[in-house]
Amino acid sequence: MAAGGFRNLNGCERGPRRLGRVRASLVLALCLRCLTAVQGGESDALLTAWLETQGRLKTWSAEFTQTRTLRALREPIRTPGRLWFTAPNQFRWELGNPPQTLAVRTPQELIVLYPRLKRAERYPLGGEGREPWRDALALLDAGFPASRAELESRFRIRSVERLEDRAELTLEPVDSRARQFLSQVRLVLREPGFALLANEMRFSDGSVLRNDFTNMVANATFPKEVFALALDEDVKVVEPLKR
Amino acid sequence: MKALRRWWWLGLLAVPLVLGLARLRFDVDVLNLLPGDLPAVRGLKLHQEYFADEGELIITVKAPDPDSAEAAAEQLAVALRAATNRVERVMWRPPWLDHPEDTADFLAWLWLNQPPAAWRELTERLSPEHLPAHLDAARERLGTSLSPIELARLGFDPLGLTSFPEGLDAVGGGGLSGAEDRFASADGCFRLVLVKPHADRTGFLQASVWLEEVQGTVDRCAGSPGWPGDVRVAYTGKPAFLAEAAGGMQRDMQSSVLGTLAVIAALFWLAHRRWGPLLGLLAMLQVVLLLTLALGGLFHGTINLVSFGFAAILLGLSVDYGLVLYQDLAAAGAPAVVEVRRRNARAISGSAVTTAAAFALLNFGGLPGLGQLGTLVAMGVLVAAGTMMYGFLPLAARGCAVSRPANREREANGGPLPLSNLSGRAASGRGWPHSRMWALAPTGVLLLVGGWMVLTRLPPVDHGTQSLSPRHSQAEPALREISRQFGRGEEPLLVLVSGRDEAAVHRRLEALATRLQTAQAAAAIASFELPLALWPNPDWQRANLPQAQALAGQREAVRAALRVAGFAAEGGALADRVFARWAAATDPTGVIWPADASSRWLTERVAARTPEGWLALGTVQPAPDLAPGTLPADMDGVLVCGWQLLGEELLGRVEARMTWLIAGVGGALLGCLWLTFGRWTDVALAVVALAFGCGLLLATMAALGWSWNLMNLTALPLLLGAGVDYAIHVQLSLRRHGNDLAAVRRTTGRALLLCAGTTIAAFGSLAFSSNAGLASLGQVCAVGVAAALVSALYLLPAWRYAAQGNSIDLHGDRNTDSPRGRRRVPKPERL
């Protein structure tokens, strides 16, 4: 080092040596860039393939176990349920057996019914308003994007990880206000075929809500009543987002 | 010693001068221009004085995406907080997001304000018998709810301490919920940063400096590497308006005074081409300004935003006295100072008193700000008369070396006074048209064109308060952008409820809430918000406190129940803090208010302590077609106000006063005209000239698209006073010159042109004022004076010719119209 230092001071060999270092750095950077590009390309291919599969999906139904690991509770809560989905964005979630919570989403709104409480909540989903709660609710269909544009309008893709028999996508809400409540969404897909095995939502307080799906059926025909939620007269309907 | 004996009185003058200038303060608050007895003004003043957000600088941050807006707002807040010598507080998001522990303080206090029935329900819910079932239900909801709101709430509040009785929000409970909306628009791309200056940086003089310092900090922050791209920052709020007004006031004063002085100097030079008298005149005009400012300091102490316009007006009026005296002096010769002063003293004093009286009448116009302007000009005019006679005249005599025999001779013969020496031509008797038709042709043309303009586009009356606003303001558009981004639409009206103590305010709030609920049910108002749920009720606090402390005593039992129900420590953290606050609360001898910074920030927005007691602030969103009498203005201790109400109230006041004022001025003018002419034909001609001048003003306003507003309406009595002057001078001059129109125009006409020119320049310079009202007043006065001059100097002789026909001498033979007229030819008065 000392010799090098002297040489540098004398001006001898300084230029070529430094140039050599620069070249080495450039080569290293290029290698890294190529490596990243290869990985990025792979991820992109996986994402494209998944979205193509999603595009072909007309309907989908499954049973699931929902696990809520909440910071407020010492033990996670596990609840069984069922899910029906019809492209592009209609779904029905039933949580509990018998159902204690039903959520039906149509293109215009999301209705959440609590039969035991005789209470229903209506969340209009149209319009330009971007209230954080509305974003958080819309995230319930995060596993079923209609297109890449739609997916990227709501989420940033943080990572695409390919494991032995599955792939994991980690998404983050684009909207900073949505991120105040929901920090991350993870989708677990079966490889090959891209069937949705699980989705997981991480809330900003550290709580996690995970659905593990079983008995998945794709492109079956559902009766119309599935997405029509009949509300009894004694059910009180509220609109929590309405001022 | 001789000089000392001669000028000792100047020493005496210096005392009030120094005292007055030392006492002088400047006030740029628009509300201080307005009558304090109007409810809308009183309310707005109270709001401005006592509510926290009124003193804050609002920095708006607009970015293409929510993340950039949030990052920029946070960076600005951090940078500004570091400037501890400049700012007291910076907020860029609700304070409890930075201090979540404050939420518990606020909740604990809010519960103490609840009605006893709510406490019965709470104590029952948390009783050892019912708590396990309640917690089981909460746990089940945590397992099955799909509502993020409910999940978030139950997660940290399984006891339901954040659930208040129904109806809390309806009466403005709002509280913590919705507070985020105060800082960010719905799409998150537009955010606010609220900056509260240090108490010692809020004054008139400090506002501009402080704002520049803040802008410097913001600019440095925006130039830092981490600053997101394409972010636009703007400034509004009281400090921004104050800085703009202060800067505008200084610019107005400089530009209008310098502009008027330049015009005066140019006109004087054109007329006389003498440096000595010109410099003397300019010096004396500045002495007049200084003395008037000192008098303003002595009488008023504080000079307001509009009164700053006095300087230009005063210059325009004061110079007339100087011109009259100088002209006479030039005619009489330098040694005749005493004689010239004696000869002109009566005319100048009379003119000064009538002009001062006309301006003093502005005090009856209904706008105290404008009244102060009138008083200042009135005092200044009197000062100017004295200064010109005793200050300028001796100075001018030194510079007036050449005496003009021709003028002296004319003066000795009682001939026309001033400015005839502008031209060496003798009176010719020419200048009249060949027939009455030709004489009336210009009148006809003006009547047709002006009449058409007025009939098709009569200048409307502006009922808004735009005339009180600054022009070319950057803070104003920023404020409008906030309304647009936050979807507020029309600004709500403010409701101020006062009382000697908290209990009195609470009672009034309850009564008001009932009244407003009825109005809302009848669709008379769209919505309302009152801080009833936040307002402490001392009786309830006294009743609730023992129960709260009893609940706090069960803290361990509650913890155990939470553990049994499966809740972790986080689930009980909020309840722990709330219980701790209750336990720490002492038996209130007074009323409990929250002590933590976040809660204070919130309560300071709706509650304020005043020397007389307490004030609560609410809002009412009126229905689109608000019917008069809908608002509860008749309730004791309730004030409904808002800028949108202010315009109507003020205009009503000004219009009512103006009717009487114009009637009074009109009556006085008729009397003066009769005393001057002693003949109804001449009186009628002067009145017609005045009316025609007003018509020309209206036509010009219509052509330029101007409107009447509460400031420029007060120009009318001023214009009546000025307009009648011109008519009198022209008619008297016609008499003196035996209807020799060419001579009249060469003598009186030129004098009037010179004097009107300086007056128009003075008023015209106000058109560039930063205050919209003062600018419109200046514009209307300048055009009005010009219209009065055109009417009196160019049209009135023709009417006289048409009215008197053959008695007019078209060939220059001097004769007066009538024996009476001959007897009563006075000297020209004010020029």
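Start by selecting chain A and colouring its strands: 12 of them form an open sheet with mixed pairing, in the order β7-β8-β9-β10-β11-β1-β2-β3-β4-β5-β6-β12. Keep in mind that you are looking at a predicted model.

Now go to the two ends of that sheet. The edge strands are β7 (155–162) and β12 (236–238) of chain A, and each of them pairs on one side only. As you scan across from one edge strand to the other, look at how the strands are set: ignoring direction, neighbours are turned by 20° against each other on average.

Next, zoom in on β1(A). Select residues 59–69 for β1 and 77–86 for β2 in chain A; these two strands run antiparallel, paired over 10 bridges. As background, strands of a sheet pair through backbone hydrogen bonds, either parallel or antiparallel. Show A:Glu63, and you'll find A:Arg82 of β2(A) standing opposite. Then click A:Thr67, whose bridge partner in β2(A) is A:Arg78.

Stay on A:Thr67 and turn to β11(A). Which residue of that strand stands opposite A:Thr67? It's A:Arg210. Select residues 208–218 of chain A to see the whole of β11, which is antiparallel to β1(A) and joined to it by 9 bridges.

Time to bring in chain B. Select α7(B) and β2(A) together: the helix packs on the sheet, and its direction makes about 35° with that of β2(A). Add β1, β3 (90–95) and β4 (101–105) of chain A, since α7(B) touches those strands as well as β2.

Widen the view to everything that joins the two chains. How many residues of chain B are in contact with chain A? There are 24, and they meet 30 residues of chain A. To find them by element, select α3 (66–82), α7 (131–144), α8 (148–156) and α21 (569–584) of chain B, the elements that each give two or more residues to this side. The largest share, 5 residues, comes from α8(B). Colour this side of chain B by class and you get 11 nonpolar, 8 polar and 5 charged residues.

Finish by hiding chain B and showing chain A whole. Besides the 12 strands, the secondary structure of chain A has 5 helices. Colour chain A by burial: of its 243 residues, 29% are buried. Last, switch on contacts within chain A: among those between residues at least 6 apart in sequence, 47% join residues at least 24 apart.

How values were computed
Residues numbered from 1 in each chain as written. Chains lettered and ligands numbered in written order. Predicted model: local features only at pLDDT ≥ 70, side-chain atom pairs only at ≥ 80, totals over all residues. Contact = placed C-beta atoms within 7 Å. Helix = DSSP H or I, 4+ residues; strand = E, 2+ residues; numbered from the N terminus. Nonpolar A, V, L, I, M, F, W, Y, C, P; charged D, E, K, R; others polar. Buried ≥ 20, exposed ≤ 12 C-beta atoms within 10 Å, placed from the backbone. Pairing = 2+ DSSP bridges. Axes fitted to C-alpha atoms, helices over the stretch in contact; angles between N-to-C directions.
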